[in-house]
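Hi everyone, thanks for coming. I'd like to walk you through the inside of a protein today, so let's put it up on the screen.

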Amino acid sequence: MAQLITGIHHVTAIASGAQKNIEFYRGILGLRLVKQTVNFDAPEVYHFYYGNENGDPGSILTFFPYEGLIRGRHGKGMLNTTAFSVPLASLEFWLERLKKYRINYKPPQERFEQEVAVYFEDADGLGLELIFTDNDSRAGYANGYIPPNHAIKGFYNAEIWEEGYERTAGLLTEQLDHVLIAEKGNRFRFAATNSPGNYIDIVCSPDRMKGLSGSGTVHHLAFATPDKETQLAVRLKIVKRMLNPTPVLDRNYFTSIYFREPGGVLFEVATSGPGFAIDEEEDHLGESLKLPEQFEPRRKELEEQLLPITFNDEQYK
């Protein structure tokens, strides 16, 4: 049978403000804002997509910025750390950049072979890491102020904290085409495609408190599937697992199903297409607010409710 899940599609998190979110991810980290739209389930809230130049699966971090939302709490039953891939030779560049913008970080630490991790958080406390490695052949996004040889290439891995790893591991390996590729201590690494951008780390953390949703936490983790036919095949497998997936939902740039894995994390399976260039040219991705067809009659109303955002890339050079 053909592989139904090919890796990570995107990670979606919750923020407490649109402007500071733009400044951190577009400005400090130098990601491309590939789409500004709205939360399809709550259109009074933005939905920002950041990624590499084309917004390829495995690079896309998205946010729902609820203005003034209180912070959540990291803990078990949550995806607590989203890691980005950067070249090993970029370690000093990024440590200096984090210092420049007064972002506290933990000292670099070796994890698995040939990877060095630096943990830090955004303004809402969202857990992030830079993984410094030479095992990633993807090109970084050349935004004009972070040198291409230091640019973020996309995700490296997503880290989930669980009471125990067995039930989630069973779902990953039996229904979602993953295999266990490495383990060290209480960390177990799985992948559908054994390459940076597609690693899922389960960290057994039975002594941790349960996570609480709020700003600075991850809403869901999305896995990539090639098309609608493979998506339906995955959905059938999830139904047989009795995890109660949603119907297929149209998200304009892909279609999705959602379900909760046994440890409590919300999983999504999203199609790899049609992609972000269906409603604006690739050279101008993310430059204006795009609404799905059902919300276009409400454009004026929504634009009045959404706080305006500005771009000032000069201050981040």
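So, a cavity here is a set of points, on a 1 Å grid over the protein atoms alone, where a 1.4 Å probe fits but cannot get out, and its lining residues have an atom within 4 Å of a point. Keep in mind that this is a predicted model, where local features need pLDDT of at least 70, side-chain atom pairs count only at pLDDT 80 or more, and totals for chains, interfaces and linings use all residues. Residues are numbered from 1 along each chain as its sequence is written, and side-chain values use heavy atoms, with hydrogens and water left out.

Okay, the largest cavity. Its lining has 14 residues, and Gly30, Leu31, Tyr141, Ile152 and Lys153 are the ones nearest its centre. That lining splits into seven nonpolar, six polar and one charged, with Gly counted as polar, Tyr as nonpolar and Lys as charged.

What lines the second largest cavity? There we find Lys20, Asn21, Phe24, Tyr25, Asp122, Ala123 and Asp124. Three of these are nonpolar, one is polar and three are charged.

Now over to helix α2, residues 91–100 (helices are DSSP runs of H or I, at least four residues; strands are runs of E, at least two; both are numbered from the N terminus). Its buried residues, meaning under 20% relative accessible area with a 1.4 Å probe and protein chains only, are Trp94, Leu95, Arg97 and Leu98. They sit on the same side of α2, because their arc around the axis, taken from the directions to the C-beta atoms, is only 160°.

And just after α2, arginine 102 has a positive phi of about 55°.

Terms used: On a 1 Å grid over the protein atoms alone, a cavity is a set of points where a 1.4 Å probe fits but cannot get out, and a pocket is an open set with protein on both sides within 12 Å along at least five of seven lines; lining residues have an atom within 4 Å of a point. Buried means under 20% relative accessible area, exposed over 50%, partly exposed in between (1.4 Å probe, protein chains only).
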